[in-house]
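Student: I am new to this structure and would like a close look at a single part of it. Please take one sheet, go through its strands and the helices on it, and then place it beside the rest.

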Amino acid sequence: MKVVEYLLATLEKNGVECIFGNPGTTEIPLVKACERLRSIRYIVALSEVAAVPMTDGYARAKRTLGVVNLHVAPGLGNGMGALYTAGIAGTPLLVIVGGQDRRFLHTQPILWGPVEQMARSVCKRVYSLTSRYDAAANVRSALRSALTPPYSPVALICPPDLLEQDIHAEAVEVHAPALPGLDEKTAAEFARFLAAAKKPAIIAAEDVHWNDAARALDKLADALHAPVYAAPYTGVLPISARSSWYAGYLPPSMKQISERLEERDALLFVGGRGFRTTLYSDATLHQRKAWIGNDSAVQSESEFELACIASLSPALSAIAERLSPRGAASAAASARAHIDLPAAKAGALHPTRAIAALLERFKDAIWFDESGLSTSDVRQWMTLQAGEYVINGSGGIGWGLAGSIGGAIARPDRQVVAAIGDGSALYASEALWTGGHCNTNVLLIVLANRRYATLNEAAGRLAGGALESFTIEPPVLDFSGLAKLYGWRYAAAATEDELNAVLRDGSALSGNTVLELKLDPALKPVTASRHF
Ligand SMILES: Cc1ncc(C[n+]2csc(CCOP(=O)(O)OP(=O)(O)O)c2C)c(N)n1
Ligand SMILES: [Mg+2]
């Protein structure tokens with residue numbers, strides 16, 4: 001068989017159903033083989049800035065490997081911002097990069113570039129197919145590496161002339177090394193650490209999602225009577241927001257984190273590699289700390305008393321089993337602080353009330369959130385399930401819209417909602433084409449405040465006030481035009497009555513729909529100022 005057939009057969013054998021990509025001439029062997037063999041679907045995105053987050057959203061929503069194909073140096077370059085994001089969120093991605101035909105590579109042909117060097121900066125490993133003799137082994141090694149925790153993108157560079165060569169090899173299932181649970185002694189040490197605390201708290205991050213450990217985490221929280229916070233910028237919700245132990249996302253500054261955790265005497269970090277914070281502060285956490293997760297590159301501003309690399313579901317269960325009951329749950333009520341909704345005002349659309357109404361109407365959907373200043377409101381009022389609230393996680397915006405299309409392709413049985421700021425919606429909006437082409441079921445809520453409001457909020461702190469450059473009008477962005485361009489339905493609301501009318505009319509929101517919320521920038525989301 002040809003090398004390209006071996007590549008596809010190996011992916012198929014390992015459960016891969018589709019490859020996202022934006023192809024070029026170097027991808028013709030791959031695209032042709034996908035069309036001929038029909039075992040793996042090649043899903044076209046209209047740019048790499050759409051293709052990579054789409055693959056990442058697919059992988060996160062399905063908790064599986066994502067495979068993306070990028071076209072030589074400029075294509076890889078376009079995808080690098082989102083590959084960075086996938087690495088931060090710990091998403092397993094196999095990145096098939098089109099190499100150059102090696103027969104004239106020494107002449108530096110068009111689109112030539114240092115692809116290995118570029119890939120190395122955003123991928124944990126880079127493999128190249130260099131000959132008929134190593135091709136099969138390198139395909140398997142790249143795949144095995146992508147499936148080995150801690151997850152991250154892994155590149156496989158595929159010169160097209162080699163893809164067309166014949167080899168003798170059999171496609172097999174690869175066996176990635178798995179992380180163990182905890183041994184008896186270590187589980188007992190963690191249990192002792194927690195039992196000694198009067199008011200412990202748990203801080204959870206992405207590894208919980210990738211290890212399918214949300215339920216075990218909830219049980220441990222229950223045994224401990226400990227609130228579970230999501231670490232700042234956690235890319236996928238690690239515990240159901242319906243759990244009475246879900247305490248919300250930690251804010252993104254150390255000062256606020258230390259205030260939020262002030263009364264806690266021990267912290268168990270479950271997954272992740274440390275806090276991703278934004279604004280500098282020199283606050284520190286005084287509590288005793290322990291960590292269990294997937295990645296040895298974990299960082300902490302002080303040492304952990306205990307730290308262990310483990311698969312989280314068996315590890316958390318083993319710890320919970322060793323804890324004696326703490327009596328009746330005193331915190332039967334939600335660990336999340338209660339905040340009242342602002343009062344309704346005729347003729348106005350308050351962003352907080354709009355988000356709360358949409359969360360209520362779509363409480364069983366999978367949400368992708370890049371709603372800028374409204375993000376903290378979404379987290380305050382959401383009742384979404386573990387794994388079903390997704391953000392970029394890296395702070396790199398322009399991810400959520402395309403991510404939601406990938407999520408909808410991964411879960412055709414589910415309604416997907418994307419809540420996206422008007423600024424964030426315009427980095428990779430061509431992803432809407434793939435959504436239309438694949439008949440996804442996405443409600444794209446655009447929060448149109450005609451501002452980079454988040455930057456104005458930061459400028460209020462750092463520059464003494466809003467800056468003109470962060471107002472993105474005129475011209476006023478007309479999202480009905482974007483919907484029309486890509487064949488999506490369109491609805492809009494500028495008042496609460498109009499929003500309620502749209503929500504009542506089921507047909508207005510069925511199938512791929514852009515819902516533009518025409519917001520008054522003077523009305524701020526109520527939790528936004530608490531967030532920063
Ligand atoms: C890739 C990338 N480029 C730029 C930024 C800087 N940035 C942070 S927030 C923001 C504006 C977001 O605007 P919008 O989506 O309209 O939400 P809003 O702040 O108005 O609520 C920008 C440009 C970033 N975080 N990531
Ligand atoms: Mg905006």
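Tutor: Strand 4 and strand 6 run parallel and are joined by six bridges. Within this pair, Leu93 has Pro153 of strand 6 opposite it. The model is a predicted one, and what follows is read from its atoms.

The two strands belong to an open sheet of six strands, paired in parallel and ordered 2-1-3-4-6-5. At its edges are strand 2 (41–44) and strand 5 (125–128), each of which pairs on one side only. Leaving direction aside, neighbouring strands of the sheet are turned against each other by 25 degrees on average.

Helices pack on this sheet. Helix 3, residues 48–62, touches strand 1 (18–21), strand 3 (66–70) and strand 4. The direction of helix 3 makes about 170 degrees with that of strand 3. Helix 4, residues 72–89, lies across strand 3, strand 4 and strand 6. Helix 4 runs at about 170 degrees to strand 4.

Two loops that adjoin these strands hold backbone details. Strand 4 (93–98) and helix 5 (115–120) are linked by a loop that contains Leu111. Leu111 is not a glycine, yet has a positive phi of about 70 degrees. The loop between helix 6 (135–146) and strand 6 (153–158) contains Pro150. The peptide bond leading from Pro149 to Pro150 is cis, with omega near 0 degrees.

Now the rest of the chain, beginning with another sheet. This is an open sheet of six strands with parallel pairing, in the order 9-8-7-10-11-12. Its edge strands are strand 9 (246–249) and strand 12 (306–309), and each pairs on one side only. From one strand to the next, the twist averages 20 degrees. One of the pairs in it is strand 10 (residues 266–270) with strand 11 (residues 288–293), which run parallel and share five bridges. There, Val270 stands opposite Ile292 of strand 11. Helix 10, residues 214–224, packs on this sheet and touches strand 7 (200–204), strand 8 (228–230) and strand 10. The angle between the directions of helix 10 and strand 7 is about 170 degrees.

Further along comes the site of ligand 1. Around it are 17 residues, of which Gly395, Asp422, Gly423, Ser424 and Thr454 come nearest. By type, the shell divides into six nonpolar, nine polar and two charged residues. Helix 17 (residues 453–462) gives the most to the shell, with three residues.

Polar atoms of the protein face ligand 1 at several points. A polar backbone atom of Leu373 is 2.8 Å from an oxygen atom of the ligand, and a polar backbone atom of Ile397 is 3.1 Å from a nitrogen atom of the ligand. From Ser424 the partner is a polar side-chain atom, 2.6 Å from an oxygen atom of ligand 1. Ligand 1 taken alone exposes 590 Å², and 75% of that is buried by the protein.

Helix 17 also borders a loop with a cis bond. Pro475 lies in the loop between helix 17 and helix 18 (479–486). The peptide bond from Pro474 to Pro475 is cis, with omega near -5 degrees.

Note on methods
Residues are numbered from 1 along each chain as its sequence is written. Chains are lettered from A and ligands numbered from 1 in the order in which they are written. This is a predicted model: local features need pLDDT of at least 70, side-chain atom pairs count only at pLDDT 80 or more; totals for chains, interfaces and linings use all residues. Side-chain values use heavy atoms; hydrogens and water are left out. A residue is near a molecule or strand if one of its heavy atoms lies within 4 Å of it. A polar contact is a pair of N or O atoms within 3.5 Å; within protein, one must be able to donate a hydrogen and the other to accept it, and residues adjacent in sequence count only if both atoms are side-chain atoms. Accessible areas come from the Shrake-Rupley method with a 1.4 Å probe; for residues, only the protein chains shown count as cover. Helices (H or I, at least four residues) and strands (E, at least two) are DSSP runs, numbered from the N terminus. Ala, Val, Leu, Ile, Met, Phe, Trp, Tyr, Cys and Pro count as nonpolar, Asp, Glu, Lys and Arg as charged, and the others, Gly among them, as polar. Two strands pair if DSSP finds at least two bridges between them. Axes are lines fitted to C-alpha atoms, for helices over the stretch in contact, and angles run from 0 to 180 degrees between N-to-C directions. Contact means heavy atoms within 4.5 Å.
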